[in-house]
Each structure stands twice: as C-alpha cells, then as structure tokens.
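Visitor: I would like to go through this structure, ligand by ligand. Can you put it up first?

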Amino acid sequence: MGHAPFSLPKGRLEEGFEDKRPRYSDGEAVTEANRCIYCVDAPCINACPTSIDIPTFIHKIATGNVKGAARTIFDANLLGQSCARVCPVEVLCVGDCVYNHWGREPIQIGRLQRYATERALELDRDLIKKNKRATKSGKKVACIGSGPASLAAAGYLSLMGHEAVVFEKRAVPGGLNTTGIAPYKMDAQGSVDELNWILELGDIEVRTGVEITASDDGDGQVSAATLLQDFDAVFVGIGLGADSALELPDEAGAGVYGAVELIEQLKLDPQASLQGVTRAVVVGGGNTAIDIAHELAILGVPEVYMAYRRGFERLSAYDHEIEWGRTDGVRVRVNAVPTGYQRNPDGSLKGIVLADAEDGKAKAGTDKLMECQLVAVAIGQARLTGLAKVFAGVELDAKGRIVVDDATCRTGHAQVFAGGDCVNGGKEVVNAVEHGKRAARAMDAMFSK
Amino acid sequence: MADLTIDFCGIKSPNPFWLASAPPANSGKQVQRAFEAGWGGAVWKTLGNPIVNVSSRFGALDYGSTRVMGFNNIELITDRPLEVNLKEMAETKKLYPKHTLVASLMVETKEEWKEIIKKVEDVGSDAIELNFGCPHGMCERGMGSAVGQEPKVLKEITGWVKDFASIPVIVKLTPNVGDIVEPALAGVYGGADSLSLINTIKSIIGVDLDNFVPYPNVGNASSNGGYCGPAVKPIALHFLGQIARHTHINVPISGIGGISNWRDAAEFIALGSTSVQVCTAVMHHGYRIVEDMIEGLSDYLDSQGMSSVMELVGKAVPQYKDWGDLDLNHHTVAEIDEDKCIGCQLCYVACMDGAHQCIHIPGRSKEESFKAGHEYMPDHVPDRPVTAKGGTPGARIPFVHEAECVGCNLCSLVCPVPDCISMVEKRRGPDPETWNDRIRKGTDFVPGGLDATKRAHPKMSG
Ligand SMILES: Cc1cc2nc3c(=O)[nH]c(=O)nc-3n(C[C@H](O)[C@H](O)[C@H](O)COP(=O)(O)OP(=O)(O)OC[C@H]3O[C@@H](n4cnc5c(N)ncnc54)[C@H](O)[C@@H]3O)c2cc1C
Ligand SMILES: Cc1cc2nc3c(=O)[nH]c(=O)nc-3n(C[C@H](O)[C@H](O)[C@H](O)COP(=O)(O)O)c2cc1C
Ligand code: SF4
Ligand code: SF4
Ligand code: SF4
C-alpha cells in the first residue's frame, strides 16, 4: 500500500516565517540535557498528556544515545516531532519541571525533544519501523480524518501489525497540524514531512479528497455503513467544523474571514495576499485569536488589534502566547464587543463596529467604527459530530462531543473508536495523539482476542 | 541488533553489565530488582565474618554544578549475617538462573576460605571474586588491599582458593599499588581464572574547615576511605590497559571504575574488559541507568558493524603503546572554525599562559603583542570579526600562528563551543619515526642540554 510522499505547493506565505525556536545543535542539546537532574517520579511526565518518559530520554541525550532518546519518545508519542514544536510546553511539561518551583529556568523539554527526534531520524530514518511486529494480523481499520489523532492511531496500528486506511476530505492531509499551526512554530511542510515518515512505517494508506458521509456513497464519498462493512474497526478523528460566525449584518462578503479558514489560506494557498491591509481586527480571546493576530503582525500588517468582549483576566489564550504576540506588535483591546460591520459602496470592508462592553455585553450608545480592511472571527468552531451518531450506539454529550471510554477511546459501538478534538471539544495536538494511541492499543487487544 | 551476551570464563551472561560488589548488590531484593531492570549480573556485597560499620560513611566531590563527580566511602564488607546473604543468593539464583551471580569474598585464614567457598558454591554462585582491594578498615586487619599490595600473599591465597573452588575465581585488584602488573601476575600465577579492577583508591575527600575534621565526619574524626565514581575512570582505564596488553596475562577481565553510561562501558570493553561492573553511578541514579547502557552499546556495535559485543573486547589494546613507540613525525595544529567561534578568547589565555603563546588576538600592534607576552609574530594577523550565531558582537576571532603551534590540544580542550577548534594533521615527515627508532639508530640526542650528556653522544653532537 505504499504511495508517493505528499507535497505542498511552493510560494506559500508561511514560507517566509522564521522558526522562532530553532533546533539545538549537538553541543547545545547535551549542555541542556545535563542540566536535567533526572528526577524519579518526575512531575514533567505527569504533565505530558502522552506521558513521555522525559527524564529517561533527556538522560539518553546526555550520554550521546540520541537514537535511544528518540525511541523513548516515539514509544509514547509517535508524533513526537511536531509535538516538540507545537506543544504549549509552558503549560505542559516545562511548566511542571521541578526547576520552576526552585526559581530557576526550567529544562527546555520541547527543544530537547525536537533535537532527539529529528537528529535520530537523520541517523536512521527506519529507527521505529525496525521494531514493527513481524506477524501481520490481517485486520484493517478505517480512520476518518487525517489529523494527529488518526495518524497516531494508524501509525501505532501499523507498528502492531495491522493495516489502516485514512480517509481525508481535504486535498492536503494532516488535519490542523498542517492547516492550523502558527508557522513560527511549525510550517505545513513540517507536518507533511512527519506524515510522510509515518506512512513509511507501511500498511497505511491515506486517501485524500474522500469524505465519509452519513449515508451517501457518491463520487469522493464513502458512507459510514460501507466503512463498517469493509473494515474490522473504525476510528473517528474528524476534529472540529467550520469557524463560527458573529451572525451580524453585512458579515458575509469580502474582508471578513473565519480565523481557522484564514490561517489555512495563509499557510497553504500560494495566491493568498495581504496587500492593502493596513489594519486588521481579530475578534476573540482564545489561542486561535492570538495565533492569527500574531501571524498577521509578523506578515507585516501595520496595525493588528485583538478585540475581546471581556476583561484581561478572562482571556483564554495562554499568557505566554499573548506576551509573545504583543512583542511582535499585536494590540489587545479588552471589553470591546462587535455590533456590526460597515461596507464601502463597492462592497469592500470599511470597518467593524465595536461597542464598549460590560461583562461581555455591549453598553448602549457606545458603538464606534474601527476602520479596517480585514476581520478574522475567532470565536470557536462548529461540531462535525453529527456524522458519528450514524454509528449505532455512539452518543454525544451536551456540548456535541463524542462520548468515549477514557482508557480505550471506545464509543458506544464496539467497533467504533474516536479521539482528538471531536472527543475533547478542542485541545492540543498532543491530546489527540494520546487518544489515537489509546484507541490503537485497545483495537490491538480486541484483534488479538 | 548486536548480540550482547558474553562468555566470561565459560559463564554465559545476558549482557556485560554487572553490579559491582557494593551497596547496590547488598541484598536479594535489590539484586532481583536490578536484574528486572536489565542488569546481566551482580557481584554480591563482599561476604565474610560480619563487621560493624560507622555512621556516617560516604563523602562526595562535586565539580561546578555536577554532583558526585567523585565518591568516597569508609564502609566495610557486608554487615549482614552470612546465613541471610546465602539464603538470598540461593533465592536470587533460583529466580534468575540465566543471570550471573558472583560471590565476593574476604576472610582471613585458610580454614575460613575453605568453609566460605563451600557455602557460596552450594547456593549456586557462578563465580567467586576475591576482594583483595578494600583500602580502608579491612586492610588494617590484614585483609583487602593489605593482600592486594603484597603479590606473594595474594598468590598464596589465590592458590588456596583455587584448591577449594570448583567455579571460576576472579581476583579483584586494588589500584593502591605502584605497578598493577605485579599483583595481576601474582593472581594469574596463583591460578586466577580472571581479574577484575579497580577497587577504590585511598582518599580523603575533603576537610570541614569549620570543625577541622576531614569528611565524612564520624563523631568529630574521620579516616581515609576509598575513592570511586566518574573521576576515577581514567585511572581505572590505565590499569586495565596495563594488564590487558601484558603478554602473560590472558585471562578475561572485568573492568570497574567510574562507569556511568554506555560509552564508558564501551571504552572499558575496547580496552580489554569482557564484563564491566558499576557501583557509584547506580548509587547516584538507580538501576534504571542500565536501559541506556544496553541500548547505547547495542546501537554503537551496530554502527560499527559488529554483530557481537565480544568483537569489541580489546579492540583498542594494540593501539595502547609505550611513549617511546609513538610517531614523532605525527604533528597537528589547531584550526579555529570561523563559523563557530564566539570570541571568548579562552583559547588565547590558555595558550598564552599554559602552552606556547601561538594564539594571537587580532587588532594589536607588534609592540602590543610583544608586551602581552608573545615572542614570535606571524607576518600577518587577520582581523576577523565574530560572525557565528550566538557570537559576541564586536568580538574578534583569535588567530593560530601555525608555525609556532605544537599541536598540544589545550585550546581545543578549553574552547566552550563544541567542534569549534579542530586539530588538523600536518606531518613533520612522511615516514613514522619513534624515539625508540632513534635509540636503535643512535640518534636519540636533542641538542641544548647538559654538557655531560653531549659528551656521551659524540657522534650526534660532533
Ligand atoms: C488555529 C489553530 C492553532 C492551533 N495551534 C496549536 C498549537 O500550536 N499546538 C497544539 O498542540 N495544538 C494546536 N491547535 C489544536 C490542534 O491543531 C488540534 O487539537 C489537533 O489538530 C486535533 O487533531 P484531530 O486529529 O483531532 O483533528 P484535526 O487536526 O482537526 O483533523 C481532522 C481532520 O479530519 C478531516 N475530516 C473531518 N470530517 C471528515 C469526514 N467526514 N471525512 C473525511 N475527513 C474528514 C478534516 O478535514 C481534518 O483534516 C491549534 C488549533 C487551531 C484551530
Ligand atoms: C560504598 C561502597 C562500598 C563498597 N564495598 C565494596 C565491597 O564490599 N567489596 C568490593 O569488592 N568492593 C567494594 N566497593 C568498590 C566497588 O565495588 C567498585 O570497585 C568501586 O566503587 C569502583 O567502581 P565505581 O566507580 O563504579 O563506583 C565499594 C564501593 C563503595 C562506593
Ligand atoms: S522535572 Fe525537569 S529536571 Fe526533573 S526530570 Fe523533568 S525535565 Fe528533568
Ligand atoms: S540515603 Fe537513605 S539511608 Fe542514606 S541517609 Fe539518606 S535516607 Fe538515610
Ligand atoms: S575558545 Fe573557542 S570560541 Fe573562544 S575564542 Fe577560542 S576558538 Fe573562539
């Protein structure tokens, strides 16, 4: 089932971004690794959603055993390469390093993880493949969506001797890891490179441009029922849906974008351009909002505002991301709520109307136009989980998340597993990987019964 | 994946990594946990007539921010009843029949040796290690290093043991001797099947300057102890090399002393060890370090195209030579990588004050250079600003005056940037010539010395 590696079009805006945390050199890595005190029962392990044995892998870097370090990482997290770059380590592993409480600079676990995984694969690209289970089970799993959750599931299944077919409705695979990550952390190429490496483990096929539907088996479509018929198990890793809109008059039209949609364009569409944009307003206070604001600032938009309807203390974006964005020029306006748009006679965007807000609600009579050429709405994403309900027994919770058993990621249907954003409502790449890993292990246990 | 199993005096061990006779191999539960973690063998904490230990007993040498670079102890042999140890050894061997279990012994009289050897053989020990090395306490009672330092006594006791034992006998040597070859030969001539080294080095780890008592403090006094840990590795490697290359010593060797990771282990094996033993690194970090040792060694062997660790044993021994056999025409000079130098001038000060004044700081006049201490000036000192990423703005890259560089390595050893200074080969002559060659040719004379010496070499100085 081998296929040619995936590639991306050239001339993408994101290619101009500087990697803000470049890879360590050998010497830098060994020096940092030697700072780690090799804790027992280390708090950093508990803070990693995939429970990577951090002290062990860092110790191995210190002894020059880079390949061993990478094995330790990949055992727990097959997407260790992208996680090393995209994880919000400040609130995960690094945030819990013992050095913090000591008042010293914590160990740069993410950067060490990046060094170990990238360096080891340079030394031996087949490092992990070599340990693949020799006997093939003949079992076949369908993964819906090609984001981190599905890729982790497919990769671990392959290592355990099973086959996986990954269905992706988009033309480009990788999910938000390809289309959504801020390019100064990792560009789309990083995600696609990792995906190509996972495909080399063998017995994994990615079918792009194929949407799994509730009931249709049309062109580029496969129905849920067909999947259940053709495969021994199904993994649902469909992520979240389209950006939510403010639902204000004049929203539809040029200049107003959903944030995730806009990020995808900036990352992947060689035609994307910000020419003529001198001021942009991002609506929202979460991590997607600060990401797009930060990206616009780096891309040279002279004034980038983030408008949030509540106070600073309620911003849900990570402090370190906001600080980082502000250093690059992002301005944050709190207690500002959009009440409408204004358009020029030719239909182009004139600006967004912002009112002062109290506890998130507009105060009457405070409407004011803020002229701008671009608005990005980052107030959340819809759920796609209606699809999951087609499988008998699968349940959704009140927030539209697929209900699974925590240890196995199994849904109410014995053959159907689910993980990632569609289960947790939208967390990080590393959480999606952990779900994929749990599901793969549970399926393996099921197959070997 | 390379085969890590070893054949040591006919004993098959799952890997070369053994616990040394010391606290980590003090009890059955410990040794069993170690085997679970991956250790291939264990030399039980030395058995004998029970002793009493003092408190405290350990001290350590830190270096910079590195803890326990060296370790010192005044502990004696096991303080547990013999029967308890024997029972646990039997249990351990039963649970882990494939792992190597070595009984370390230290008693005094022939009668005692006979009795204890029978007992440890009965519990299933694979081999016996004779502790002729403990350099504190026990030696005051005529045992341990008191035996190891007396080749005659060592040979005699080894002979007794060989008479009584039916399993292989390893003689553990003390480094507290002038020439390790003497006790090593005594062991071999006494019939030893194998040698292990080193035990600890006599030491005082430090002095408490408030109370004027050396460490470790035992009721306001202390005693000299045994030094071990990463700091002793070079000493251990030297002793190992000495016996590994000796033509009359052809028994397997178990290397000990400062081994902390796979690389240390690989170095000991390359210099002639078949198995390696570890104490301090386990006391510092726990049994868990063996995972990296196994994996790292295995990957290393793969990268060398070796299918078994036995192929590595002694690989570096032929290259360990006497000084007189080194090629005097081999010559290297320091080369600074302009893309890496950060401009700290550490190489400059090291060469100025500790070597041959051949590294120059750019931008000085000839007068300034002479004033700073240079005697010889190159024709031209290029003024190169630091351009490396992370370099100090405005700093200058120092210049190596190649004609004056003796190739000592010092600058490359002190440079804080990895791989920044490399030593490049610039041979003095195409053919090798050693000092011993010169002695053979009668050209072993260097002008500029004593008159008496000159008179003794009329041909050369004529
Ligand atoms: C802007 C943005 C920035 C982010 N930045 C970070 C970050 O820096 N670090 C971090 O750790 N996380 C970040 N995240 C979160 C992270 O990207 C997600 O948590 C993670 O990608 C979730 O993985 P997943 O596999 O569950 O879903 P996704 O990555 O969303 O993948 C789901 C895939 O399924 C496909 N799909 C959906 N329905 C179907 C169907 N019916 N048929 C076929 N295919 C289908 C989709 O096209 C998509 O490719 C960010 C998210 C966003 C939106
Ligand atoms: C606390 C302590 C106790 C030791 N006890 C013994 C012993 O009973 N018998 C013995 O042969 N060696 C003993 N040794 C020496 C070790 O076995 C070993 O030879 C030495 O520590 C060097 O190895 P290392 O650098 O890995 O520690 C002891 C060492 C230490 C630190
Ligand atoms: S908590 Fe910090 S110091 Fe301790 S093991 Fe983890 S990274 Fe190392
Ligand atoms: S290491 Fe254990 S036995 Fe030793 S002093 Fe500390 S607590 Fe006591
Ligand atoms: S020690 Fe190294 S980094 Fe410092 S000046 Fe010399 S060559 Fe440059």
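Visitor: How far is a nitrogen atom of ligand 2 from an N or O atom in the side chain of Asn131(B)?

Guide: A note first: this is a predicted model. The pair joins a ligand 2 nitrogen to a side-chain N or O atom of Asn131(B). Polar contacts are counted within 3.5 Å. The computed distance is 3.0 Å.

Visitor: What share of the area of ligand 2 does the protein bury?

Guide: Taken alone, ligand 2 exposes 610 Å². The protein buries a share of that equal to 98%.

Visitor: Which residue has an N or O side-chain atom 2.6 Å from a nitrogen atom of ligand 2?

Guide: There are 23 residues around ligand 2, and those that come nearest are Ser21(B), Lys45(B), Thr46(B), Gly258(B) and Thr280(B). The 2.6 Å pair involves a side chain from that group, that of Thr46(B).

Visitor: And which residue puts a polar side-chain atom 2.8 Å from an oxygen atom of ligand 2?

Guide: Here the ligand 2 atom is an oxygen. The shell around ligand 2 has ten nonpolar, ten polar and three charged residues. The 2.8 Å partner is Lys172(B).

Visitor: How many residues in the shell around ligand 3 are nonpolar?

Guide: The surrounding residues include Cys36(A), Cys39(A), Cys44(A) and Cys97(A). Ile37(A), Val98(A) and Ile109(A) are also among them. The shell has no polar and no charged residues. The nonpolar count is eleven.

Visitor: How many residues surround ligand 5, and how many in its shell are polar?

Guide: Ligand 5 is surrounded by 13 residues, with Cys341(B), Cys344(B), Gln345(B), Cys347(B) and Cys415(B) the closest. The shell has eleven nonpolar residues and no charged ones. The polar count is two.

Visitor: Is Cys344(B) buried or partly exposed?

Guide: Buried means under 20% relative accessible area. Cys344(B) has 36%. Therefore Cys344(B) is partly exposed.

Visitor: Why does Cys134(B) form no bond with the closest cysteine sulfur?

Guide: Zero disulfides are found over all chains. Cys134(B) is buried, at 6% relative accessible area. A disulfide needs sulfur atoms within 2.5 Å. Cys134(B) makes no bond because the closest cysteine sulfur, in Cys139(B), is too far, at 6.5 Å.

Note on methods: Residues numbered from 1 in each chain as written. Chains lettered and ligands numbered in written order. Predicted model: local features only at pLDDT ≥ 70, side-chain atom pairs only at ≥ 80, totals over all residues. Heavy atoms only, no water. Near = heavy atom within 4 Å. Nonpolar A, V, L, I, M, F, W, Y, C, P; charged D, E, K, R; others polar. Polar contact = N/O pair within 3.5 Å; in protein donor to acceptor, adjacent residues only side chain to side chain. Areas by Shrake-Rupley, 256 points an atom, 1.4 Å probe, with all protein chains shown as cover. Buried < 20%, exposed > 50% of the residue type's maximum accessible area, 1.4 Å probe, protein only.
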